[in-house]
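Me: I am new to this structure and would like a close look at a single part of the chain, with enough of the surroundings to place it. Please take your time and connect the details to one another.

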Amino acid sequence: MKCDELREKYLSFFQSQGHSRQPSDVLVPTWDPSVLFTPAGMNPFKDHFLGKVKLEFTRATTCQKCLRTGDIDNVGRTAYHHTFFEMLGNFSFGDYFKKEAIHWAWQFLTDPKWLGIPSERLSVTVYKDDDEAANIWNSEIGLPSQRISRMDEDENFWPASAPSQGPDGVCGPCSEIYYQLDNGKSVEIWNLVFTQFNRVGNPPNNLQPLPSKNIDTGMGLERTASVLQNVPTNFHIDSLYPIVLAAAEVCGTKYEYTSDNGRRLRRITDHIRACTFAVHENVYPGPKKARYVIKRLIRRAVLDGHQMGMHEPFLYNLVPMVAQCMKSIYPELSETTTRVAEVIRREENEFFQTIDAGLNRIQQVFTSMDKDGKVMVDGNEAASLYQTHGVPPELFQTLAAEKNFTFDWDGYRAAMGQHGLDSGGEQKKLFQTGPIETLKEALLRTDFMGYETTECSAQVRGIIVGPEDDDRLIGRLSAGGDQTQLSRVVLDRTPFYGESGGQVGDSGVLQNSECLFRVTDTQKAGELFIHYGHVERGELKEGMTIQAVVDTERRQAIRRAHSATHLLHYALQQTLGGHAQQQGSKVDADWLRFDFSNQSGIDDDTLRKIEQIVNEKVNQAAPVVWNTVPLADARKAGAMMLFGEKYPDPVRMVSMGEFSKELCGGTHLHNTSEVKQFEIISEEGVSSGVRRIIALTGDRAHSHREWIQETLVKLGDTLKCAPQQVADYTGQLMNRVRQLKKAVSSGQVKELPAAVASNVSQAVTSTYNEMRSCIKETARAVNVAFPELVNRVESLLQDEIKLLEQLKKLASGGEVTADQLLENATEAAGGLVITAEIPGANPNLMRQLIDAVRKKSSKPTAVLLTGVAGPDKVIVIAGLSNELVAKGLSAGTWASQTAQILGGSGGGRPDLAQAGGKNPEKITEALEAGKKWMLSQL
């Protein structure tokens with residue numbers, strides 16, 4: 001039985017038993033902080049199990065895309081482990097329980113109409129105290145007692161060992177179904193979880209029965225398919241084996257099941273499938289969290305290829321085969337194969353550039369460990385290898401394990417400064433607790449009225465105070481107290497938009513004759529809307545009826561930015577291509593940030609074209625309408641759907657004219673002309689293959705245009721040039737300051753760089769785009785953001801003045817020559833001693849003088865020079881000829897002793913040393929003491 005047939009049979013069977021067939025949730029649930037990737041079929045239904053949402057169905061069945069990395073070391077080595085896999089599941093939310101779950105499982109497995117597995121091939125396990133499940137299997141199903149095993153809580157309880165070890169919360173026993181292979185071994189193919197308890201505290205008597213019992217089952221599609229297809233591993237089933245063979249062909253080797261290369265090819269197959277799905281959902285390889293997992297999987301697969309002789313990117317060639325093998329159930333993969341392959345190719349290429357050096361360094365580490373008798377890889381070494389050569393520590397650990405070495409994870413994390421690389425993707429805290437969760441159970445949802453109105457009457461249903469890790473529900477809240485700690489209010493209905501889909505939350509007031517609560521932000525927790533703020537007047541009480549009023553001026557500015565975001569998305573696809581899809585966004589009052597897929601930066605001409613298209617659509621005054629339609633109808637209408645985004649069914653489709661249709665839950669304008677104006681502020685890269693545009697709309701865009709014009713005029717006045725010459729003059733000024741600094745640093749005053757010539761007679765009328773380009777070019781030249789431009793240019797002019805003053809001092813100091821110093825030398829039996837103050841006090845000039853003296857002098861010579869470099873800064877440089885150094889004298893000691901008199905310190909080499917002080921008035925005293933000391937030494 002092929003995978004597609006197995007999947008369809010499972011879903012059809014449970015659909016025939018009254019289950020609602022639901023689509024797979026996304027692989028990367030960005031809205032769920034408890035996981036990086038969806039690890040099991042039940043995760044999308046967490047709030048359904050807990051009764052925190054309004055149930056539209058009480059039975060469901062799914063085939064869920066999952067990704068786990070907890071068993072990553074077993075991938076390719078064992079027959080059944082994967083990172084990415086599909087999990088078939090059936091679920092009951094307070095509907096049926098053990099009897100039905102067990103009977104249906106047996107029927108699906110053994111009935112010839114469905115899978116037709118011989119019953120004698122099957123055995124089960126139950127939790128040791130679950131007599132109910134054991135009795136159903138034995139007395140009702142007819143399974144012999146010898147094929148029913150009772151297991152402890154570490155094997156047959158969910159979460160594992162929950163009764164004794166926790167965590168508190170929903171839990172229950174489970175029953176696992178095993179299939180006996182031809183070789184006599186058994187493999188688990190299905191797990192039935194009976195969530196019937198709430199764990200509270202430690203044993204004994206800590207498992208309290210739930211009022212509503214649930215069913216959560218999971219059948220691994222690949223594992224069951226391998227049993228039905230009678231193949232030795234999951235990698236030999238019809239949906240995976242073609243990828244294995246393609247990997248072998250790409251790597252130029254033959255696939256042999258028992259060989260090391262066979263193991264490597266299976267791991268490559270698993271990892272490229274996982275990465276294809278993740279990158280398809282816009283999770284690109286990166287340094288943290290889900291992105292780090294994908295980086296790690298790609299680099300692990302590259303290492304396998306490298307060990308088979310690959311030295312150039314190869315994984316990306318397998319992306320089309322993954323899409324081909326999964327096309328019947330995931331046809332959308334074929335729409336992004338080019339983009340996905342390019343992302344993977346770039347990551348491969350980056351790793352291939354450092355892998356040889358990294359592996360060589362690892363081998364050196366292993367050799368050194370063998371020599372020193374060490375058994376643990378040093379964490380500092382692993383951190384250095386990751387930072388220098390990009391070798392993930394998990395790969396280092398794997399290679400170390402092959403040599404029977406352990407790995408110092410604590411040392412690695414300490415060396416990385418607790419870098420926070422979450423690489424597991426497993427559940428952290430599956431079920432949350434606290435006041436918000438309590439309100440979810442009681443209210444289920446807040447009715448959102450904000451599409452139709454910005455003001456409505458509502459009832460206060462919950463008031464929460466305290467920090468989020470120690471918050472509590474209270475009945476009333478008065479004005480005063482700590483206004484820095486925001487309180488939270490939940491209403492039965494609200495016109496306030498809760499932050500989601502990139503759009504920020506609304507602000508405004510909740511008020512009546514008794515109180516006024518100032519709302520500064522609105523967030524969402526599931527289907528509850530949380531209003532953040534504080535009481536400004538009176539007392540807010542639970543159960544009180546208030547008027548919820550949104551700040552309409554701010555809301556309108558947010559709507560302008562959000563509608564403009566859709567226009568920008570359209571313009572990007574028109575200019576860059578269909579690959580330019582949204583990667584993330586934030587929409588605020590007349591301000592938007594839009595991240596999108598593109599492998600390179602966008603030139604100014606293309607940016608202007610994008611901006612032009614948006615403003616053309618604004619001026620077109622196209623109507624903006626939204627309708628709630630079935631998801632299938634929205635797809636048929638051509639609505640843009642973002643890969644990796646979770647959409648309800650039905651869905652809200654926002655249309656702008658005939659050119660833009662997107663699925664969006666945000667608030668929008670009624671006509672594109674209400675955007676007023678659209679202005680791109682910046683374009684930059686945020687990660688590999690992802691670019692970011694920041695833009696303004698409405699009043700802020702208009703103000704920005706005025707600022708551009710005013711700033712350019714001000715810069716022209718500052719530089720004494722025409723506005724359109726600002727960029728050129730700024731470049732000249734930068735170059736002049738750079739040359740002046742070089743002259744000061746070298747101490748060589750020759751011909752000064754030419755001053756920037758003022759010329760205001762060439763003023764011509766400039767267009768706005770020309771003025772903006774001039775500002776951009778100027779900002780790039782001085783490497784500052786727009787708001788800092790004027791200050792930066794003024795600072796450059798001040799630098800120019802200061803540097804010219806320093807050069808004047810240097811010029812006077814440069815009048816002192818080596819011959820003059822030698823003429824004023826004090827002669828001693830052992831050589832010459834020269835001490836002098838040099839005007840200008842440039843260290844380079846002073847060193848040059850010392851070198852010149854030592855070359856010209858025919859006797860052993862000691863030179864001590866000082867100079868004032870500022871109000872509280874004195875420079876001291878001492879130099880000795882080689883003959884004096886040979887006698888044991890030290891310029892470092894001499895400079896240090898002299899600097900101490902000047903209130904400073906320093907030192908250096910025996911032949912040349914520099915020190916400093918902060919008392920210029922003691923220079924004469926210091927030089928005299930320095931001369932006296934050196935004469936005594938000679």
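**A close look at helix 9 and its surroundings**

Reply: Helix 9 is a good place to begin, provided it is kept in mind that the model is a predicted one. Helix 9 covers residues 289-307, and because each residue should add 1.5 Å, its 19 residues are expected to span 27 Å; the C-alpha atoms at its ends are 27 Å apart, which agrees with that expectation. Most of helix 9 is covered, with 16 of its 19 residues buried.

Two backbone details belong to this part of the chain. Lys-289 is found in helix 9, and its phi is near 50°, a positive value in a residue other than glycine. With a relative accessibility of 41%, Lys-289 counts as partly exposed, because that value lies between the 20% under which a residue is buried and the 50% over which a residue is exposed. Just after helix 9 comes Gly-309, where phi is again positive, at about 95°.

A positive phi in a residue other than glycine also occurs at Asn-404, where the angle is near 65°. Asn-404 is found in a loop, the one between helix 13 (393-402) and strand 11 (406-407), and with a relative accessible area of 70% Asn-404 is exposed.

To place these details in the whole, the protein chain has 938 residues, of which 52% count as buried, and it contains 27 helices and 34 strands. Its C-alpha trace spans about 120 × 75 × 55 Å along the principal axes. If one takes the contacts between residues at least 6 apart in sequence, 69% of them join residues at least 24 apart.

Earlier in the sequence, helix 7 (residues 241-250) packs with helix 8 (residues 260-280) at an angle of about 115°, and their axes are 9 Å apart. That angle makes helix 7 roughly perpendicular to helix 8, and helix 7 passes helix 8 in a right-handed crossing. From helix 7 the residues Ile-243, Val-244, Ala-247 and Ala-248 take part, and they meet Leu-265, Ile-268, Thr-269 and Ile-272 of helix 8. By kind, the residues of this contact divide into 7 nonpolar and 1 polar, with no charged residue. The general geometry of a helix helps in reading such a list: an α-helix has 3.6 residues a turn, so residues three or four places apart point the same way.

The packing of helix 3 with helix 4 can be set beside this one. Helix 3 (residues 98-110) has 13 residues and reaches 18 Å from its first C-alpha to its last, close to the 18 Å expected at 1.5 Å a residue. Among the residues of helix 3 that are buried are Ala-101, Trp-104, Ala-105, Phe-108 and Leu-109. Helix 3 and helix 4 (residues 131-141) pack at an angle of about 45°, with 10 Å between their axes, and the two helices are therefore oblique to each other. Helix 3 passes helix 4 in a right-handed crossing. On the side of helix 3 the contact is made by Lys-98, Lys-99, Ile-102, His-103 and Trp-106, and on the side of helix 4 by Glu-132, Ala-133, Ile-136, Trp-137, Glu-140 and Ile-141. The residues of this contact divide into 6 nonpolar, 1 polar and 4 charged. Of the residues that helix 3 brings to it, Lys-98, Ile-102 and Trp-106 are among those that count as buried.

Between these helix pairs in the sequence there are two cis peptide bonds to look for. One joins Gly-166 and Pro-167, with omega about 10°, and Pro-167 lies in the loop between helix 5 (162-165) and strand 7 (169-180). Another runs from Pro-203 to Pro-204, with omega near 0°, and Pro-204 has its place in the loop between strand 8 (186-199) and strand 9 (207-220).

Finally, a buried residue much further along the chain deserves a look. Ala-701 has its place in helix 19 (residues 698-719), and because its relative accessibility is 0%, it counts as buried. Leaving aside residues up to four places away in sequence, Ala-701 touches Gln-677, Glu-679 and Leu-696. Ala-701 and Phe-678 are 23 residues apart in sequence, while their C-alpha atoms are 6.2 Å apart in space.

Terms used
Residues are numbered from 1 along each chain as its sequence is written. This is a predicted model: local features need pLDDT of at least 70, side-chain atom pairs count only at pLDDT 80 or more; totals for chains, interfaces and linings use all residues. Side-chain values use heavy atoms; hydrogens and water are left out. Axes are lines fitted to C-alpha atoms, for helices over the stretch in contact, and angles run from 0 to 180 degrees between N-to-C directions. Helices (H or I, at least four residues) and strands (E, at least two) are DSSP runs, numbered from the N terminus. Angles under 35 degrees count as roughly parallel, over 145 as roughly antiparallel, 65 to 115 as roughly perpendicular and the rest as oblique. A crossing is left-handed if the near helix is turned anticlockwise from the far one by less than a right angle, and right-handed if clockwise. Contact means heavy atoms within 4.5 Å. Ala, Val, Leu, Ile, Met, Phe, Trp, Tyr, Cys and Pro count as nonpolar, Asp, Glu, Lys and Arg as charged, and the others, Gly among them, as polar. The expected span of a helix is 1.5 Å times one less than its number of residues. Buried means under 20% relative accessible area, exposed over 50%, partly exposed in between (1.4 Å probe, protein chains only).
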